[in-house]
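Colleague: Hi, have you got a few minutes to walk me through this model? I'd like the overall picture and then a few details.

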Amino acid sequence: MTLLILKTLHIIGFVSWMAGLFYLVRMFVYHEESYDRPPAEQKVLGEQFALMHQRVYKIICNPAMMFTWVCGIGMLVVNTAYIQQGWMHLKLTLLLILLGYHIYCKKISKKLVAGERPLKAFQYRLLNEVPTVLLIAIAFLGVLKSGVNYIYLAVGLAAFGGMIYSGAKAYQRKRLKAN
């Protein structure tokens with residue numbers, strides 16, 4: 001029963017963490033696009049977006065990430081057999097990449113608050129899809145465990161990533177054409 005409770009809490013945590021990361025990077029897009037506005041609007045929007053992404057990071061992303069990790073580690077303590085399985089090694093590797101992404105987002109936020117423009121809006125849109133790809137891989141590993149076919153997973157993720165990129169490029173062309 002303890003494992004099921006931890007698993008439920010883990011799911012709640014990672015749903016919150018992912019929601020925070022998706023929202024955070026979407027705000028980076030809007031923050032970057034605010035530079036296309038007249039100077040008075042830029043100032044107001046820039047300050048508002050800076051406040052918003054700082055709060056989302058501090059109030060949603062960080063606590064949800066920590067909660068997710070605590071519950072996940074709790075599941076490994078309760079069921080130590082998981083840690084010896086290959087799918088778990090891959091899942092933990094992907095989670096470390098997601099943690100790196102989380103930290104990278106904090107660096108971007110600090111740069112935006114300082115008035116720097118580290119990426120273009122299109123790059124933020126692509127960056128916003130990174131956790132989607134990681135989420136898919138992590139979810140398949142967590143559900144299918146050792147039954148996952150790593151080749152199919154890799155090919156599927158590559159195809160999905162290609163579709164995301166193609167869709168983002170098409171959207172970019174549409175926006176440029178409209179302007």
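Modeller: Happy to, so here is a short tour of the fold, the surface and a couple of loop residues.

Modeller: This is a predicted model, where local features need pLDDT of at least 70, side-chain atom pairs count only at pLDDT 80 or more, and totals for chains, interfaces and linings use all residues. Residues are numbered from 1 along each chain as its sequence is written, and side-chain values use heavy atoms, with hydrogens and water left out.

Colleague: Thanks! How many helices and strands does the protein chain have?

Modeller: The protein chain has six helices and zero strands. Both are DSSP runs, numbered from the N terminus: helices are H or I with at least four residues, strands are E with at least two. The C-alpha trace spans about 60 × 35 × 20 Å along its principal axes.

Colleague: And what percentage of the residues count as buried?

Modeller: Of the 179 residues, 36% do. Buried means under 20% relative accessible area, exposed is over 50%, and partly exposed is in between (1.4 Å probe, protein chains only).

Colleague: Switching to the surface, which residues form the nonpolar patch?

Modeller: Met-1, Leu-4, Ile-5, Leu-9, Ile-12 and Phe-67, with about 600 Å² of accessible area together. Patch residues have over 30% relative accessible area and no salt bridge (a side-chain nitrogen of Lys or Arg within 4 Å of a carboxyl oxygen of Asp or Glu). Nonpolar side chains (Val, Leu, Ile, Met, Phe, Trp, Tyr) are joined within 5 Å, like charges within 9 Å. Areas come from the Shrake-Rupley method with a 1.4 Å probe; for residues, only the protein chains shown count as cover.

Colleague: Which helix gives the largest share of that patch?

Modeller: Helix H1, residues 2-33, which supplies four residues. Ile-5 is found in H1 and is partly exposed, at 46% relative accessible area.

Colleague: Now the loops. Where is Asn-128, and is it buried or exposed?

Modeller: Asn-128 sits in the loop between helix H4 (121-127) and H5, and it counts as buried at 8% relative accessibility.

Colleague: What does Asn-128 touch?

Modeller: Leaving out residues up to four places away in sequence, Asn-128 touches Leu-21, Phe-22, Val-25, Arg-26 and Tyr-101. A contact means heavy atoms within 4.5 Å.

Colleague: One last thing: what is phi of Lys-145 near?

Modeller: Near 50°, a positive value in a residue other than glycine. Lys-145 lies in the loop between helix H5 (130-144) and helix H6 (150-178), and is partly exposed, with a relative accessible area of 21%.
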